[in-house]
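Biologist: I'm new to this structure and would love a close look at a single part. Could you walk me through the salt bridges, taking your time over who pairs with whom?

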Amino acid sequence: MTSRFPEFRLGKVLATSFTATLTERCGDAVERIPVPSRLVDWLAVNGLAVDSCTTAQLERARELRESIHAAATAAALQDPLPVSAVEVINDRSTQGRAAAVLTPEGDLQWRLGSASAVEDALGVIAADAIGVITGERDGRLALCASPTCRAAFFDTSRSRTRRWCEMNTCGNREKKARFLAHKHETPGPAK
C-alpha cells in the first residue's frame with residue numbers, strides 16, 4: 001500500500017469499517033479511497049481481494065459507503081431509514097454474486113466471481129450492512145462522540161456504552177482537548 005495515502009481505519013465489522021474510508025465527516029474530511037487502486041487495497045485487507053477497479057466502480061462503492069453511513073446513522077438515532085440509502089444498499093446487495101465458503105480452519109471466506117469481482121465485494125459489504133442495521137448481530141449501532149467525526153460504528157462492548165469510533169484516534173483527541181481546556185481554566189500557583 002502506498003504511503004502517500006492516509007492509513008485505513010480497520011475494525012471488526014465490515015460495513016462500518018467501509019464507512020470509515022471517509023473520516024472526519026463533520027470537520028476536514030479525509031478520503032481514504034481517493035483512487036480505484038486504494039479501493040482494491042482496502043478490499044484486499046478485508047478479505048475481498050479483487051484484481052482491479054474502474055473509476056465507475058469506485059463511484060458505486062462510494063455511493064454504497066455513503067448510503068450505509070446514512071442508514072446506520074438513522075438506525076443509531078432510531079430515525080426512519082432514508083429511502084434512497086435503502087435502495088442503494090439493496091441494489092448493491094442483489095447485484096453481488098459472492099459465495100460464502102468455509103475454510104479448513106473453520107473461518108468464513110468470500111469467493112468472488114471473476115467477471116464482476118468489485119460488484120461481488122460491494123454485495124458482501126451491503127449484505128453485512130443489512131445484517132448490522134436490522135439488528136441481526138449482537139451489538140448496537142452508535143455514533144462517535146467526536147463532533148468532527150460522527151462516524152457510525154458497531155458497539156460490541158460488554159456494556160454497549162462505547163463513545164468513540166476508535167479510542168486511538170477520536171477518543172484520544174477528545175480527551176486531550178478536554179485536558180488542555182481544563183488546564184487552561186485552572187490557575188497555576190502564584191509567583
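Modeller: Happy to; here is a walk through the salt bridges, one partner at a time. Please keep in mind that this is a predicted model. Counting through the structure gives ten salt bridges, and we can stay with one group of them. Arg-25, Glu-31, Glu-59, Arg-62, Arg-65 and Glu-66 are linked in a network of salt bridges.

A good place to start is Glu-31, which forms a salt bridge with Arg-62, where the closest N and O atoms are 3.8 Å apart. Glu-31 lies in strand E2 (residues 30–31) while Arg-62 lies in helix H3 (residues 55–76), so this pair ties together parts that are 31 residues apart in sequence. How accessible are the two partners? Glu-31 is partly exposed, with a relative accessible area of 23%. Arg-62 has 17% relative accessibility and counts as buried, because the cut-off for buried is under 20%.

Glu-31 also forms a salt bridge with Arg-65, and here the closest N and O atoms are 2.7 Å apart. Arg-65 is in helix H3 and Glu-31 in strand E2, so this pair ties together parts that are 34 residues apart in sequence. Arg-65 is buried, with a relative accessible area of 3%.

From Arg-65 we can step on to Glu-66: these two form a salt bridge as well, with their closest N and O atoms 2.8 Å apart. Glu-66, at 29% relative accessibility, counts as partly exposed. To find these residues in the view, look for Glu-31 in strand E2 and Arg-65 in helix H3, then follow the salt bridge from Arg-65 to Glu-66.

How values were computed: Residues are numbered from 1 along each chain as its sequence is written. This is a predicted model: local features need pLDDT of at least 70, side-chain atom pairs count only at pLDDT 80 or more; totals for chains, interfaces and linings use all residues. Side-chain values use heavy atoms; hydrogens and water are left out. A salt bridge is a side-chain nitrogen of Lys or Arg within 4 Å of a carboxyl oxygen of Asp or Glu. Helices (H or I, at least four residues) and strands (E, at least two) are DSSP runs, numbered from the N terminus. Buried means under 20% relative accessible area, exposed over 50%, partly exposed in between (1.4 Å probe, protein chains only).
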